Amino acid sequence: MQENIAPTKANLMDSEAALDFSKKGYELLDKKRNVLIREMMGFMDRAEKLQDSIGKTFKEAYEALILANVTLGISEVYQVAKSIPLADEITILNHSVMGVEIPMVKYEKKDVDHYYSFYHTNTALDVALQKFHDVIYLIYELAEVEDSVYKLAVEIKKTQKRANALQNIQIPRYEYLVKMISDVLEEKDREDFFRLKLLKKKKV
């Protein structure tokens, strides 16, 4: 490693300050990375449980829907489905985790509302409607969790890259500069000391 920096006391002080700053920066990035990883792992645990719940609920919902189609007829089930309004009761907010904007899906969980006459339907349709109603809220939560995992993973990658740059490039560079300048200055001090001794001997 070669540096075109004059070995002066001013440059030594600048290099020592830059080294100290780089080390503190690395420590902060390392802490940030650990917090983000811990946060992401929590979300990943939630995502796994939600995916299991969604898979199970969807399976039960489709089984009930198939039974409803067989017992009521596809056209009757289709007409009922058309009467169900779109789900639009969500609001998306954000909160910050170490500078990363994490989404929060806010909604009011409501009981299922039957949009059809019980006279022309049966229990299979009721079960299908309830299960699909349940799965909507699970999907809201999973969307929140998966988006959070993605954003945290992107930030962890960036933080890791910056930390690596400090650890492997900046810190070794300034450590080298501090040592190189210190060695040169020490050697210069020794030369000056011996020169002064020689001058004193000559005077004597």
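How many residues lie between E1 and E2 in the hairpin they form? The answer is two, and one residue in that turn, Met98, has a positive phi of about 55°. This comes from a predicted model, and confidence is a good place to start. The protein averages a pLDDT of 87, with 93% of the residues scoring at least 70. Among the elements, helix H1 has the highest mean pLDDT, at 93, while helix H2, residues 74–82, has the lowest, at 83. As a general caution, predicted coordinates should not be read in detail where pLDDT is low.

Back to the hairpin. Strand E1 covers residues 91–97, and E1 pairs with E2 in the antiparallel sense over seven bridges. Within that pairing, Ile92 stands opposite Val105 in E2. Met98 sits in the loop between the two strands. The positive phi of Met98 comes even though Met98 is not a glycine. As for accessibility, Met98 comes out at 39%, so Met98 counts as partly exposed.

Next comes helix H1, which runs over residues 9–72. With 64 residues at 1.5 Å each, H1 should span 94 Å, and the C-alpha atoms at its ends are 90 Å apart, so the expected and computed spans agree. Right after H1 comes Gly73, another residue with a positive phi, this one of about 100°.

What about the inside of the protein? The largest nonpolar core has 16 residues, and the members touching the most other members are Leu36, Phe43, Ile102, Val145 and Leu152. Three elements each supply at least two residues of this core: helix H1, strand E2 (100–106) and helix H3 (123–203). Helix H3 gives the most, with seven residues. Ile102 gives a closer look at how this part is put together. Setting aside neighbours within four places in sequence, Ile102 is in contact with Phe43, Leu93, Asn94, His95, Val97, Ser148 and Leu152. A second core, separate from this one, has 14 residues, including Leu29, Ala163, Ile171 and Tyr174.

Tyr174 turns up again around Ser15, a residue of helix H1. Is Ser15 buried or exposed? The relative accessibility of Ser15 is 4%, so Ser15 counts as buried. Not counting residues up to four places away in sequence, Ser15 touches Tyr174, Leu177, Val178 and Ile181.

Aromatic rings make up another part of the picture, with a count of six aromatic pairs. One of them joins Phe58 and Tyr62: the ring centres are 5.8 Å apart and the planes meet at 20°, so the pair is stacked. Both residues belong to helix H1, and because they are four residues apart there, about one helical turn separates them. Phe58 has 25% relative accessibility and so counts as partly exposed. Tyr62 is partly exposed too, with a relative accessible area of 45%. Tyr62 also pairs with Phe132, this time edge-to-face, with 5.4 Å from centre to centre and 90° between the planes. That pair links distant parts of the chain, since Tyr62 is in helix H1 and Phe132 is in helix H3, 70 residues apart. Phe132, at 23% relative accessibility, counts as partly exposed. Taken together, Phe58, Tyr62 and Phe132 form one aromatic cluster.

Another pair of residues relates two stretches of the chain. Gln130 has its place in helix H3, and Gln130 counts as partly exposed because its relative accessibility is 30%. How many ångströms separate the C-alpha atoms of Gln130 and Ala64? The separation is 9.9 Å, although these residues are 66 residues apart along the chain.

Key: Residues numbered from 1 in each chain as written. Predicted model: local features only at pLDDT ≥ 70, side-chain atom pairs only at ≥ 80, totals over all residues. Heavy atoms only, no water. Core = buried A, V, L, I, M, F, W, Y, C linked by side-chain atoms within 4.5 Å. Buried < 20%, exposed > 50% of the residue type's maximum accessible area, 1.4 Å probe, protein only. Contact = heavy atoms within 4.5 Å. Expected span 1.5 Å × (residues − 1). Pairing = 2+ DSSP bridges. pLDDT = per-residue confidence, 0-100. Phe/Tyr/Trp six-rings, centres within 6.5 Å; stacked < 30°, edge-to-face > 60°.
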